[in-house]
Each structure stands twice: as C-alpha cells, then as structure tokens.
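Please open the model in your viewer and keep the selection panel at hand. The tour below proposes one selection after another and says what is there.

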There are 2 protein chains.
Amino acid sequence: MDEFEFIKIVSGYAKDLPNVIQGIGDDAAVIKGRGGRTFIISTDISASNVHFRLEWASPREIGRKVLVSNISDIAAMGATPLYYLISIAVPSSIQRGTILGIVEGMQEEADRYKVGLIGGDTSSSKGGLFISITIIGEAAGGEIVYRGGANCGDAIYVSGALGGSAAGLRCLKKWGRQKGWTRPLIERHLLPTPRVALGRLLAGKRLASAMIDISDGLLKDIEHITICHGLGYKIDGASVPIFKGVERCAAEFKESPLSIALTSGEEYELLFTVRKDDEARLLREIRRGGIRTPITKIGMVKDNPTREIFVNGKIFKVSKYKGYSHRIGKN
Amino acid sequence: MDEFEFIKIVSGYAKDLPNVIQGIGDDAAVIKGRGGRTFIISTDISASNVHFRLEWASPREIGRKVLVSNISDIAAMGATPLYYLISIAVPSSIQRGTILGIVEGMQEEADRYKVGLIGGDTSSSKGGLFISITIIGEAAGGEIVYRGGANCGDAIYVSGALGGSAAGLRCLKKWGRQKGWTRPLIERHLLPTPRVALGRLLAGKRLASAMIDISDGLLKDIEHITICHGLGYKIDGASVPIFKGVERCAAEFKESPLSIALTSGEEYELLFTVRKDDEARLLREIRRGGIRTPITKIGMVKDNPTREIFVNGKIFKVSKYKGYSHRIGKN
C-alpha cells in the first residue's frame with residue numbers, strides 16, 4: 001500500500017482525546033497544557049538509501065538535514081521548536097566517526113534554532129541506518145496555524161524559491177558532487193532551511209489561514225490545505241518563484257523548470273493562505289518583523305475542488321508529476 | 001562502540017534547558033508545563049531481527065510488545081501514559097496484513113492503557129522493519145520517581161517474578177513455539193505487562209525513592225539506581241522471585257535459574273528502592289490501592305559502590321552475565 005492509505009487506516013484508531021487539539025492529520029499534533037501552554041509534537045523517520053545516502057552527503061550534512069526536516073514541521077504550525085529526542089538504529093557496517101558526525105550535524109542545527117536534546121534510544125540494526133526524531137515545540141498564546149483553515153478567495157503564498165531540492169537530487173544522481181554549476185542545487189537539496197521565524201510571525205500575527213511545509217512537493221502538499229477540505233486552487237505558473245540554477249538543470253534533463261518546481265519535495269518552504277483583507281498587513285508585518293525570507297503570491301483558493309495551473313492564460317500540464325509517496329510493504 | 005558509550009557522547013550535547021526537569025539519563029524526559037502540568041516523554045526504537053522476529057511472533061504480538069515496552073518507560077517514572085506517536089519504516093518484502101497486524105497490536109495495548117495515538121510518520125525501508133514509538137505521559141501533581149533518589153539503607157524491591165523473558169527467548173531460539181512446557185515462558189517473553197498502576201501508586205504516595213524498569217536485566221538496571229550515584233547494593237539471591245518454569249528451562253540449558261532471573265532483559269518489572277521508614281506504609285498502600293502485582297524485597301542499598309549477591313550466606317557468582325547492550329556501528 002502507499003503511505004497515504006496506511007495513514008488513513010491508522011487514523012481510524014485516533015479518537016477524540018482529552019486535551020488533544022489536533023491529532024493525526026497535520027504537520028504535528030497539538031496538546032493543550034494548563035495555563036495556556038500548548039505543546040506541538042511531531043515525529044519523522046529517515047532511512048538510509050531512502051532519505052539519505054552516505055555516498056552523497058557527509059555525516060554532518062545528513063544529521064543537519066534530518067533535524068531541519070523536523071524543525072520544519074514545527075515551523076509549519078507557526079510554533080517554536082524547543083526539544084528533541086533521537087532514536088537511532090545503526091548497522092555494524094557504520095564507522096564510529098560516521099555516526100558521531102550525524103549526531104554532531106543534528107546538534108549543530110539544534111544549537112542554531114535553540115532546540116535542546118532531551119532523550120532518545122539506540123539500537124543495533126540488521127539492515128540499514130534509521131534515524132527517528134521526535135520534536136516538541138510550543139505555541140505561545142496558543143496561536144497555531146492548521147492545514148484546514150483556508151477559505152475560498154484566500155491568496156496562496158509560498159516562501160523562498162522552489163525546485164532546487166529536486167534539481168539537486170537529479171544532479172547528484174547523474175554526476176555526483178563533481179560538476180561546478182550543480183553545487184548550489186545540491187547544497188539546496190542537502191541543506192534546506194526551515195522557516196521558523198516566518199512561520200511564527202504568520203501564526204503570531206494571525207496572518208495565515210492555513211499552512212503546511214513543502215515536503216512531498218507543492219502539488220502534493222497543496223492538496224492538504226485545499227482539496228482535502230473541499231476547496232480547490234488556481235495557480236499562476238508564471239509567478240511561481242524558481243530556485244536559481246533549476247532552469248539549467250531542467251534543460252539538461254529536458255524537463256520544464258516549472259514542473260520541477262511544482263513537484264520538488266524536501267523543499268521545507270512554507271505554503272500558506274492569506275485572507276484577502278490581510279494581504280496588505282502581511283507585507284507590512286513581514287517588513288516590520290525583519291523577516292528576510294521572500295514570500296510570493298502564486299494563486300488563489302477556489303470554492304470547488306478543482307486543480308488549475310495557468311501559464312500566460314494557458315492551462316499548464318505538469319510533466320512527470322509524481323510527488324513523493326513511500327511504499328509501505330508489499331501490497 | 002557500545003550503546004552506553006554512544007549515549008555518554010550524545011549526553012554531552014544536553015544542556016540545562018528551561019522547563020526541563022529531567023533530560024537524558026532516566027527512563028523518560030520530564031518537561032514542566034504551566035499550572036502544575038508535567039509531561040513525561042520517552043522514545044524507543046525496535047528493529048526486526050534485533051528486538052523481534054517475524055518468524056517467532058505474530059504481527060499483533062510484535063505490535064503489543066513494542067507499545068508495552070514504551071508504556072513501561074512511563075510507568076517507571078510513576079506517571080500515566082497519555083499519547084503516543086508511531087514512526088515506522090517498512091521494507092517492500094513485508095505483507096500488508098503484517099504491517100496492519102502490528103499496528104492493531106499496538107492499538108490493542110493503547111486501548112487497554114488508554115493511550116491515544118496522536119501522530120506518526122511512515123517510510124519505505126531498504127533494510128529491515130523499524131518501529132520507533134514516542135510516548136507522552138503526565139504526572140499529576142508533579143509526583144515523579146527518578147533513578148537518582150536512593151539512599152544508603154533503603155530496601156530494594158522488585159515487582160512480579162523474573163527470568164521468564166530470557167527463559168522464553170532461549171526456548172524460542174532452541175525449539176520455536178512447539179514445546180508445551182515452554183509456552184508460558186515464551187508468552188512472558190513476547191507479552192510482558194507494564195506496571196502502570198503500581199508505578200503510579202509508588203510515585204503518588206511518595207513510596208519509592210528511586211525507580212527503573214527492568215529492560216536490560218536486573219544486574220544492569222540496578223547500576224542506574226545505585227552504582228551510578230556512588231551507592232552499592234546487597235542482594236539476597238534466595239529472595240529473588242523467579243518466574244514459574246524458569247527452573248526447568250535452566251535445567252535444560254544447564255544454567256542457574258537465579259542467573260537467568262538476574263540477567264533477563266525485557267522483563268518490564270519495576271525495580272525500586274524504599275526508605276526503611278516507609279516499608280510498612282508501602283505494604284499498607286499496596287493493599288489499600290488494590291494493586292495485585294506482587295512486590296518482593298530482594299536487598300538493600302549500600303553506602304559504597306559495591307555489588308554483593310549472597311545465597312545462604314555465600315557469595316553468588318552470576319554465570320554468563322551479560323545484560324543486553326546494543327552495538328552501535330563498527331567500532
């Protein structure tokens with residue numbers, strides 16, 4: 001089965017629970033504490049040769065990316081990451097320096113975002129290296145942005161520029177880390193930036209009506225804030241910000257840069273919706289908050305569950321659209 | 001390196017953190033919420049052919065044990081488990097029914113202990129099957145028992161009876177699930193019972209000065225509540241409660257039943273210390289609280305970091321003492 005079917009089955013076990021504001025179904029779970037403290041919790045598992053390859057990245061880079069992808073889940077709720085736990089299963093083929101490098105890389109990002117290590121578990125492994133992180137964040141004042149808050153007519157925004165992660169991965173696969181011009185793309189793939197400050201501002205100032213981070217690809221993730229809630233979207237393809245170097249990569253691979261940008265996973269950019277009336281305030285608050293991450297309006301939320309992408313007035317067909325979906329077991 | 005060396009290195013990253021009462025180094029981390037709410041968080045990773053074997057146990061049994069081992073970490077702090085998250089990495093060789101059976105088994109125990117599923121992550125795997133659980137509990141009124149609270153002269157108690165898990169594993173390895181007399185031992189190995197109610201009573205009534213659950217074997221786990229804090233122990237071997245059937249298994253394998261009991265891991269019994277003055281109250285409260293799990297006094301905390309085990313006045317040498325320790329990588 002694919003991961004979404006599995007998640008659907010498992011979600012059937014989730015019940016209404018006391019003090020649980022949000023269970024399965026968002027970037028993170030939300031638990032209400034007493035006295036206005038709200039904890040956000042998320043877990044992610046990374047597997048060797050699925051999420052990372054020891055041939056392609058240094059241990060430190062692997063560790064950094066693993067932690068960043070978790071921090072991004074907290075950022076996507078508009079919350080502040082506070083603590084993390086590491087579970088790691090290590091095969092006997094892995095060198096001591098490798099495993100310590102991975103942990104150092106994690107802690108490097110943890111220090112950058114002031115996330116404290118509070119626990120974990122270790123195991124030997126009879127196959128593959130697995131790292132599972134649990135991250136705990138807090139939303140001061142309970143200001144959290146969920147996936148389900150968009151309304152018809154809201155503007156759709158994205159942070160940063162897209163496509164670099166997928167382009168970097170294509171280059172890594174074809175040429176390894178050799179070719180000069182591919183370097184910024186590969187770095188983008190290996191070391192994305194979680195948008196913590198932007199997420200916090202959007203939540204704290206109640207600017208975003210819905211939000212998600214782009215981990216599976218924009219066209220896959222946008223489903224969770226539109227189609228899954230009976231809404232649709234219209235995207236102006238010409239406005240989608242494309243990461244520098246993606247055009248060259250697209251030319252090499254005979255693909256469309258826009259297709260790469262729309263389907264690129266592990267971007268960890270924020271995709272969010274803003275009520276029309278809040279758009280002017282959004283730009284003002286971003287400036288005032290000193291947020292340097294660019295944001296770009298790329299479309300609009302529609303009333304019906306339709307998927308529309310236009311470029312210069314013409315319908316745009318995404319080539320090779322897949323978005324990433326894990327296979328869970330055999331059938 | 002072995003897991004303890006790895007944990008020691010990683011612990012170097014842990015700093016004093018705001019609102020963290022206990023970080024790395026106990027069965028679970030403890031985070032202070034506002035208004036007296038205290039969250040307990042623990043994570044555990046289970047790997048196929050390390051923690052479980054699909055040939056030996058049904059998927060449901062595997063799932064049940066995975067969750068129970070996590071619930072036990074919360075019980076060992078004297079807290080109440082509330083929520084859990086599942087991270088799972090599944091190779092393509094695993095049948096759909098297997099993976100769903102595992103999840104059903106987890107949820108069966110979750111229902112029994114009223115633990116709610118609030119999130120998770122799934123991945124494909126290019127190696128084995130890996131399940132990482134994060135469990136979150138709460139200590140009402142902040143009553144938590146840590147590993148570090150024992151004092152010289154405290155009595156050492158253990159819940160239940162020991163050795164069944166290791167004996168069951170020996171039988172499984174030698175005969176599979178065939179032989180009749182091995183059945184209770186194998187069931188004990190595959191389906192231990194977390195001592196949640198007992199743990200809560202011991203914490204809530206401030207009866208235990210230190211506590212840990214037996215996951216690596218009594219002789220390994222007792223180190224964490226004695227030797228690690230500059231204390232020692234004296235155990236009366238004759239008083240150690242031995243699980244029914246362990247004697248027969250020991251005879252078959254030409255081992256000492258007491259050695260098996262003292263080194264058996266994955267028991268998930270509670271090992272705790274009680275101040276001398278509290279012993280009478282302990283028995284009274286256990287009766288009053290309707291706790292049916294038996295507890296047995298097995299020894300005493302000593303002032304110096306010495307390890308003493310006596311049987312009928314003679315020093316007892318544990319045969320084949322190992323206790324379980326994971327190898328983490330190559331060297």
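The stops run from the whole chain to a sheet, then to aromatic rings, and end with the relation between two chains.

Bear in mind throughout that this is a predicted model. Begin by selecting chain A as a whole and colouring it by secondary structure, which comes to 10 helices and 13 strands. The radius of gyration of chain A is 20 Å, close to the 20 Å that the globule rule gives for 331 residues, so chain A is as compact as a globular protein of that length. If you draw a box along the principal axes, the C-alpha atoms of chain A fill roughly 55 × 55 × 45 Å. Colouring by relative accessible area would show buried residues making up 60% of the 331 residues in chain A. Of the contacts in chain A with a separation of 6 or more, 83% are between residues 24 or more positions apart.

Next, select the open sheet of 7 strands in chain A, whose order is 8-10-7-11-9-12-13 and whose pairing is mixed. Its edge strands are strand 8 (210-213) and strand 13 of chain A, each of which pairs on one side only.

Stay with this sheet and narrow the selection to strand 9 (residues 232-236) and strand 12 (residues 307-311) of chain A, which run parallel and are joined by 4 bridges. Along this pairing, A:Lys234 stands opposite A:Glu308 in strand 12 of chain A, and A:Asp236 stands opposite A:Phe310 in that strand. Now add strand 13 (residues 314-315) of chain A, which pairs with strand 12 of chain A in the antiparallel sense over 2 bridges. Here the bridge partner of A:Phe310 is A:Ile315 in strand 13 of chain A, so that A:Phe310 has A:Asp236 opposite it as well as this partner. Strands 12 and 13 of chain A form a hairpin with 2 residues between them, and A:Asn312 in the turn has a positive phi of about 50°.The aromatic side chains come next, and the structure holds 8 aromatic pairs over all chains. Select A:Tyr157 and A:Phe272, whose ring centres are 5.7 Å apart with the planes at 10°, so the pair is stacked. A:Tyr157 lies in strand 7 (residues 155-159) of chain A and A:Phe272 in strand 10 (residues 270-274) of chain A, so the pair ties together parts that are 115 residues apart in sequence. Is A:Tyr157 buried or exposed? At 5% relative accessibility, A:Tyr157 counts as buried, and A:Phe272 is buried with a relative accessible area of 0%.

Then move the selection to A:Trp175, A:Trp181 and A:Phe253, which form one aromatic cluster. Add A:Lys174 to this view, since A:Lys174 lies over the face of A:Phe253, at 5.3 Å from the ring centre. For another charge over a ring, select A:Arg53, which lies over the face of A:Trp56 at 4.9 Å from the ring centre.

For the last stop, display chain A and chain B together. Chain A can be laid on chain B with an RMSD of 0.0 Å by a turn of 180° and a shift of 0.0 Å along the axis, and that is the relation of a two-fold axis. To find the place where chain A comes up to this axis, select A:Gly127, whose C-alpha is the one in chain A nearest the axis, 2.3 Å from it. The same surface serves both copies, for 100% of the contact residues of chain A recur in chain B.

Notes
Residues are numbered from 1 along each chain as its sequence is written. Chains are lettered from A and ligands numbered from 1 in the order in which they are written. This is a predicted model: local features need pLDDT of at least 70, side-chain atom pairs count only at pLDDT 80 or more; totals for chains, interfaces and linings use all residues. Side-chain values use heavy atoms; hydrogens and water are left out. Rings of Phe, Tyr and Trp (its six-membered ring) pair if their centres lie within 6.5 Å; planes under 30 degrees apart count as stacked, over 60 as edge-to-face and the rest as tilted. Buried means under 20% relative accessible area, exposed over 50%, partly exposed in between (1.4 Å probe, protein chains only). A charge sits over a ring if NZ of Lys or CZ of Arg is within 6 Å of the ring centre and within 35 degrees of the ring normal. Copies are superposed by least squares on the C-alpha atoms of residues with pLDDT of at least 70 in both. Contact means heavy atoms within 4.5 Å. Two strands pair if DSSP finds at least two bridges between them. The radius of gyration is taken over C-alpha atoms; the globule rule is 2.2 Å times the number of residues to the power 0.38.
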